[in-house]
Amino acid sequence: MGAGVFLAVLGAILTFAVRVDAPGINLKVVGVILMVAGGAIIAYARRGSRHERVITRVEQPDDPTAPPHTVQHVIRDVDVE
């Protein structure tokens with residue numbers, strides 16, 4: 001999501017703050033394109049955000065000669081709309 005914020009801010013700067021006429025390129029149009037792209041990246045990151053936690057633990061069997069084994073649990077939090 002950081003890239004989306006960066007593009008949106010850079011686009012806003014180009015659109016509203018830069019007062020230079022570059023030959024062959026319209027900086028206002030480039031700025032608007034960057035803001036739209038940044039907004040799309042932010043929306044995609046927020047919509048596709050799923051939180052996942054992995055819990056790992058080592059279990060020691062009752063038999064002292066048996067080796068311990070590792071158990072992993074994956075917990076997923078899904079946004080419900």
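## T70 and its contacts

Let's start with T70, which touches T56, R57 and V58 when residues up to four places away in sequence are not counted. T70 lies in strand β2, the stretch of residues 69-77. Please keep in mind that what you are looking at is a predicted model.

Is T70 buried or exposed? Its relative accessibility is 53%, and exposed means over 50%, so T70 counts as exposed. For a sense of distance across the model, try V29: T70 and V29 are 41 residues apart along the chain, and their C-alpha atoms are separated by 55 Å.

## R57 in strand β1

One of the residues that T70 touches is R57, so it makes a good next stop because R57 belongs to strand β1, residues 51-59, and its relative accessibility of 41% makes it count as partly exposed.

Which residues does R57 touch, not counting those up to four places away in sequence? They are H69, T70, V71 and H73. With H73, R57 is 16 residues apart along the chain, while the C-alpha atoms of the two are separated by 8.6 Å.

## The whole chain

Now step back to the complete protein. It has two helices and two strands, and from the N terminus on these elements run α-α-β-β. If you follow the chain in your viewer, you can meet them in that order.

What are the overall dimensions of the C-alpha trace? Along the principal axes of the protein, the trace spans about 80 × 30 × 15 Å. The radius of gyration is 24 Å, whereas a compact globule of 81 residues would have one near 12 Å.

Two further figures describe the protein. Buried residues make up 10% of its 81 residues. Among contacts between residues at least 6 apart in sequence, 37% join residues at least 24 apart.

## How the two helices meet

Two packed helices are described by the angle between their axes and the distance between the axes. Here, helix α1 covers residues 2-16 and helix α2 covers residues 27-47. Their axes come within 7 Å and cross at roughly 160 degrees. Angles over 145 degrees count as roughly antiparallel, and α1 and α2 are therefore roughly antiparallel to each other. The crossing in which α1 passes α2 is left-handed.

Which residues make this contact? On the α1 side they are G4, V5, L7, A8, L10, G11, A12, L14, T15 and F16. On the α2 side they are L27, K28, V30, G31, V32, L34, M35, A37, G38, I41 and I42. Sorted by class, the contact of α1 with α2 has 15 nonpolar, five polar and one charged residues.

## Three residues of helix α1

Let's take a walk along α1. V5 has its place in this helix, and with a relative accessible area of 42% it is partly exposed. V5 and I41 are 36 residues apart in sequence, yet they are 8.3 Å apart in space, C-alpha to C-alpha. Both V5 and I41 take part in the contact between α1 and α2.

F6 is found in helix α1 too. F6 has a relative accessible area of 56%, over the 50% cut-off, so it is exposed. F6 and V18 are 12 residues apart along the chain, and 16 Å separates their C-alpha atoms.

The walk ends at T15, which is also found in α1. Is T15 buried or exposed? T15 counts as buried because its relative accessibility is 7%, and buried means under 20%. Leaving aside its neighbours within four places in sequence, T15 is in contact with K28, G31, V32 and M35. K28, G31, V32 and M35 are included on the α2 side of the helix contact.

Key
Residues numbered from 1 in each chain as written. Predicted model: local features only at pLDDT ≥ 70, side-chain atom pairs only at ≥ 80, totals over all residues. Heavy atoms only, no water. Axes fitted to C-alpha atoms, helices over the stretch in contact; angles between N-to-C directions. Helix = DSSP H or I, 4+ residues; strand = E, 2+ residues; numbered from the N terminus. Parallel < 35°, antiparallel > 145°, perpendicular 65-115°, else oblique. Left-handed = near helix turned anticlockwise from the far one by under 90°. Contact = heavy atoms within 4.5 Å. Nonpolar A, V, L, I, M, F, W, Y, C, P; charged D, E, K, R; others polar. Buried < 20%, exposed > 50% of the residue type's maximum accessible area, 1.4 Å probe, protein only. Rg over C-alpha atoms; globule rule 2.2 N^0.38 Å.
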